[in-house]
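Biologist: I am new to this structure, so please take me through one helix and then the largest pocket.

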Amino acid sequence: MIVILIHAVALLANILILFLCLRAVLSWFAVMNPYSRVGSVYRWLVNFTEPLVKPSRALIAKLGINTGMFDFSVLLTFFLIEIAERVIIRLLLLI
């Protein structure tokens with residue numbers, strides 16, 4: 001039972017990270033034509049991942065970190081998902 005939960009947590013984390021990577025890459029192409037298929041996929045990815053990215057963006061702003069024209073909130077969210085995955089798996093192993 002624990003093994004299934006560990007695999008489920010790892011799978012969910014990997015899917016979220018994949019969506020964040022796709023969001024980052026497609027952001028370069030969706031600007032060219034926001035009404036294309038790439039633009040619609042990008043909009044869906046933003047709508048899906050924004051609840052995860054928004055707290056990271058707020059944290060960066062609250063800490064007063066000036067990132068210039070780059071948005072590192074997606075990268076921070078990536079690292080936070082990795083950390084959360086490892087913590088949850090370790091806690092499941094303790095059960």
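Biologist: Which residues of α2 are buried?

Modeller: The model is predicted, with local features needing pLDDT of at least 70 and side-chain atom pairs pLDDT 80 or more, whereas totals for chains, interfaces and linings use all residues. Residues are numbered from 1 along each chain as its sequence is written, and side-chain values use heavy atoms, without hydrogens and water. Helices are DSSP runs (H or I, at least four residues) numbered from the N terminus, and buried means under 20% relative accessible area with a 1.4 Å probe, protein chains only. What covers the buried residues of α2 includes α1 and α3, and those buried residues are Gly39, Leu45, Val46, Thr49, Val53, Ser56 and Ile60.

Biologist: Where in α2 does the kink lie?

Modeller: The bend at a residue is the angle between axes fitted to the seven residues ending there and the seven starting there. In α2 the kink is about 60° and comes shortly before proline 51, at glutamate 50.

Biologist: Which helix gives the most to the lining of the largest pocket?

Modeller: A pocket is an open set of points on a 1 Å grid over the protein atoms alone, where a 1.4 Å probe fits, with protein on both sides within 12 Å along at least five of seven lines, and lining residues have an atom within 4 Å of a point. Three helices, α1 (2-30), α2 (37-62) and α3 (73-94), each supply at least two residues of this lining. The largest contribution, four residues, is that of α1.

How values were computed:
Buried means under 20% relative accessible area, exposed over 50%, partly exposed in between (1.4 Å probe, protein chains only). Contact means heavy atoms within 4.5 Å.
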